[in-house]
Amino acid sequence: MDMAFPVANATAAVLTRVSAAFNAPLARAVVFGVHIDGHLVVEGLLIAVIVFQLTRKSYKPPKKPLTEKEIDELCNEWQPEPLCPPIKEGARIDTPMLESAAGPHTIVDGKEVVNFASANYLGLIGNEKIIDSCVGSLEKYGVGSCGPRGFYGTIDVHLDCEAKIANFLGTPDSILYSYGISTIFSVIPAFCKKGDIIVADEGVHWAVQNGLHLSRSTVVYFKHNDMASLASTLEKLTRGNKRAEKIRRYIVVESIYQNSGQIAPLDEIVRLKEEYRFRVILEESHSFGVLGKSGRGLAEHYGVPIEKIDIITAGMGNALATDGGFCTGSVRVVDHQRLSSSGYVFSASLPPYLASAAVSAVNYLEENPTVLSTLRSNIALMHKELSDTPGLEISSHVLSPIVFLKLKKSTGSPTTDLDLLETITERVLKEDSVFIVTSKKSNLDRCKLPIGIRLFVSAGHTESDIFTLSNSLKRVSASVLSD
Amino acid sequence: MVRLPYSTALTTLFSYGLLFAFGHLRDFFRRIIDSRKPTTNLKDYAPICLGHEDFYTRRLFNRVQDCCNRPIASAPDAWIDVIERYSNDGNKTIHRTSKTSRCLNLGSYNYLGFAAADEYCTPRVIESLKKYSASTCSVRVDGGNTKLHIELEELVARFVGKPAAILLGMGYATNSTIIPALIGKGGLIISDSLNHNSIVNGARGSGAAVRVFQHNNIAHLEEVLREQIAQGQPRTHRPWSKIIVIVEGIYSMEGELCKLPEVISVCKKYKAYTYLDEAHSIGAIGKSGRGVCDLLGVDPADVDIMMGTFTKSFGSCGGYIAASKEIIHHLKQTCPAHIYATSMSPPAVQQVISAIKVILGEDGTNRGAKKLAQIRENSNFFRSELKKMGFEVLGDNNSPVMPIMLYNPAKIPSFSRECLRLNVAAVVVAFPATPLLLSRARICISASHSREDLIKGLEVLSKAGDISGIKYFPVEQEKTTSVEKLKKIQ
């Protein structure tokens, strides 16, 4: 009782002192007409403490960058892969060596053979007029052009060649490139940029795939040469997509597919393109100088006016028996490439003698259109003769100068297929002196079409050449594929 | 490196600003006028070039179009016939005439003088043309492999000093198709900031990550290497599968040599592979013409992959890669340009074989050694004289490529047209091949230029330089060798 009393007294004293403090003149200040009570001070202090805590940064463990010693250790430990894989046992890299011009008859590894491995469709290898024009060019201009087109590498034969090709096809202008495959993989990135839509056939060859990859556009593939698949892809891409009308859209096809020998149905493609408002890029390397009544390509073959195809590219290393490539289209298309196509601007121009060979080849085609009917009858004869080859079937179009034979029954693994086909071609060369080749693929190629034997028919072949080939092929494939 | 004075930078920026402003103004009025006319674009199709993408082409480049793409009517030798052209609508369209004017050629890549018909090479080329015809129409792995191709691969490997080589038909395609065959996703490519467009394309096409180091700055290269190896791939931090460092022998827009010995030592220390692009340096520099390794005393075995082209010093076309036997074997199986592209034209192959034989002296004369000495002497003489005249010349000694700085966009056409009027064919380069402010004129010296040609060239360049006002440095007064004194020395 005695202790309680002073405690109670002390508590009461503290309480009176605290309430006195609250009632002190400071606590009873009037700020802006608002009466401030003491408890507001306490609340203000609490709010200040809360705000202070919120503004403090949360605790993060301190970031320690790697020390020089640690970087040294990491660099010492790191082991790179070898630059290339070791040589596999039994890998074949020896290709047959030619010792004369690659015409219909040539000398391979010392003996005379019938040559079905060169895309010499019009038989222009060894043509006297072309060789004479080349000799004239060599004596006047030398071999190389020693500079890109922008820096004194434009020689008058280049301008003549561009005008000649544009005249032949019926387009306003054309542009020359110095290498066949660089044409398409420079043209596509010049026109298709990031954000554009490209619909391409899944069987296009590597150069087209590279161009599509470098363009950084969205690429959608449709089933090989299947127009229904193309129509449904186009429909899917444009239906309900309002934005699709503002971005550029392209369809990329080849006229004659190198990987299968099929021919693209251009009239159907043009109809679809006009319906869905796409532009067409047509790769005509193997059909220029071959299809059409006078050799003007796929558009003439189908009777489509050439203006409907926006961009046509072709390599000249096939029917025209020279090297390089060209691209043609409207004036705007061609002019745009002169500054923004990397394979044109940053590379040396085509050697002048090859450009004059191209001019002579186009002249020859204009003057001798009968060479096309010879080619066509050779192709028809080849189809007739090879239609009953044991174990192999023709999977290319009846009009295509590339006759593609694939195995009737694939063994299931591409390597064994390739081995079988290579055995056939080697035996045909060794036993019957006929030079044929299989279609080869690089591991960078994404095309999934099956491989096979690829025969290039030329107008320079005679009927007896074709009979020799068919007899030999039937005999060898019967023996190789039966066991 | 280029030292850009402030006053020049300001005036150049001002000029470009004025040109852009006028260009936009014209575009604005053109849009108003065109909106009244019916449109010529195909209806509902997005235009091939959106308005701003070709702004530079339409408004800036087209006005000076006549300085570019000049056609010639003769071989690209020391003297050429430049075809005269005219335009009726302010350079929008240019037409050819049949008149030509004979000009001194300071623009073509003809370092050893093999561009025109040569007494040893041309008869052999014509013979091979008659034997093999202009093209094989076939890819190398099918039916395009002739005896000439195999001979040239062995000869190139011997010339460069490597065990084996592979041949391709185009220099640009060599870089763009070989780099994807060597490295893929998960690898790292470290390339010099001023590398050529073909290397950039090849690196992009390969799928590997690309990092850039400052031009010729070895300390920065080492820093980038250390950082990348320590950090690994972005986000996953897995180690890189391999690292390739790509440098060039002579950089064509700077005329500089690369610091090859230092690059090799850094790469060896960090176990990175080296890829040397000798497009401009093979055949043109070095005591026996074997390129930058010869000049700087580097053993070819230390460089993993050596690439080069035949367009510049050998007067032909095409490219090669020289490396160890395993790498070449691997490339022959996988390189797309080897498997899918028409093989190199046989007469062009023969031209390279004959040119290399001349350079090595295997044709029985010493013309090769004379040509190499001549180009070295010509380049050093020309460069020192230009510097004495007060021009700002880039590049190292012994390099046959000499850029002269112009900077201002108005000086580009004035210099080029003035030189052409005085019968010298010079090359001017601007954006996008060079940075926007650093436009230049580029001189390429050849072994077929004689001393009189060079003196005439110097005289014309001096006059054109005075008119355009590009002598940014003071003329050396004491040791000025005036043109008259030079003529007297002759």
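**Warm-up**

At what relative accessibility does I32(B) stand, and does that make the residue buried, exposed or partly exposed? I32(B) comes out at 34% relative accessibility, so I32(B) counts as partly exposed. The cut-offs: buried is under 20% relative accessible area, exposed is over 50%, and partly exposed is in between, with a 1.4 Å probe and protein chains only.

Before you go on, keep in mind that this is a predicted model, where local features need pLDDT of at least 70 and side-chain atom pairs count only at pLDDT 80 or more, while totals for chains, interfaces and linings use all residues. Residues are numbered from 1 along each chain as its sequence is written, chains are lettered from A and ligands numbered from 1 in the order in which they are written, and side-chain values use heavy atoms, with hydrogens and water left out.

**Exercise 1. Find the surroundings of I32(B).**

Step 1: locate the residue. I32(B) sits in helix α1 of chain B, residues 6-36. Helices here are DSSP runs of H or I with at least four residues, strands are runs of E with at least two, and both are numbered from the N terminus.

Step 2: look for a patch. Together with F14(B), L18(B), F22(B), L25(B), F28(B), F29(B) and I33(B), I32(B) makes a nonpolar surface patch of about 800 Å². To join a patch, a residue needs over 30% relative accessible area and no salt bridge; nonpolar side chains (Val, Leu, Ile, Met, Phe, Trp, Tyr) are joined within 5 Å, and like charges within 9 Å. The areas come from the Shrake-Rupley method with a 1.4 Å probe, and for residues only the protein chains shown count as cover.

**Exercise 2. Count the disulfides, then explain what you find for C103(B).**

Step 1: recall the bond. A disulfide is a covalent bond between the sulfur atoms of two cysteines. The test used here is a pair of cysteine sulfur atoms within 2.5 Å.

Step 2: count. Searching the whole structure gives 0 disulfides over all chains.

Step 3: check the distance. The closest cysteine sulfur to that of C103(B) belongs to C419(B), and at 10.0 Å the gap is too far for a bond.

Step 4: check the burial. C103(B) is buried at a relative accessible area of 0%, and C419(B) is also buried, with a value of 0%.

**Exercise 3. Lay out two sheets of chain B.**

Step 1: take the sheet with 3 strands. This open sheet of chain B runs β11-β14-β13 with antiparallel pairing. Its edges are β11 (401-405) and β13 (427-429), each with a single partner strand, so one side of each has no neighbour in the sheet. From one strand to the next, the twist averages 30 degrees.

Step 2: zoom in on one pair. Strand β13(B) is joined to β14(B), residues 440-444, by 3 bridges; strands count as paired if DSSP finds at least two bridges between them. V428(B) has A441(B) of β14(B) as its bridge partner.

Step 3: take the sheet with 7 strands. Its order in chain B is β4-β10-β9-β8-β7-β5-β6, an open sheet with mixed pairing. Here β4 (164-168) and β6 (209-213) stand at the edges, each with a single partner strand. The twist averages 20 degrees from one strand to the next.

Step 4: pick a parallel pair. β8(B), residues 273-277, and β9(B), residues 305-309, pair in the parallel sense over 3 bridges. Y275(B) stands opposite I305(B) in β9(B).

**Exercise 4. Sort some salt bridges by where their partners sit.**

Step 1: get the total. A salt bridge is a side-chain nitrogen of Lys or Arg within 4 Å of a carboxyl oxygen of Asp or Glu, and the count is 39 over all chains.

Step 2: one inside a helix. E268(A) and R271(A) bring N and O atoms to 2.8 Å. They are 3 residues apart in helix α9(A), residues 266-276, so about one helical turn separates them. E268(A) is partly exposed at 26%, and R271(A) is partly exposed at 44%.

Step 3: one between helices. E153(B) and K332(B) form a salt bridge at 3.2 Å, N to O. E153(B) lies in α4(B) (147-160) and K332(B) in α10(B) (325-334), so the pair ties together parts 179 residues apart in sequence. E153(B) is buried at 6%, whereas K332(B) is partly exposed at 21%.

Key
Axes fitted to C-alpha atoms, helices over the stretch in contact; angles between N-to-C directions.
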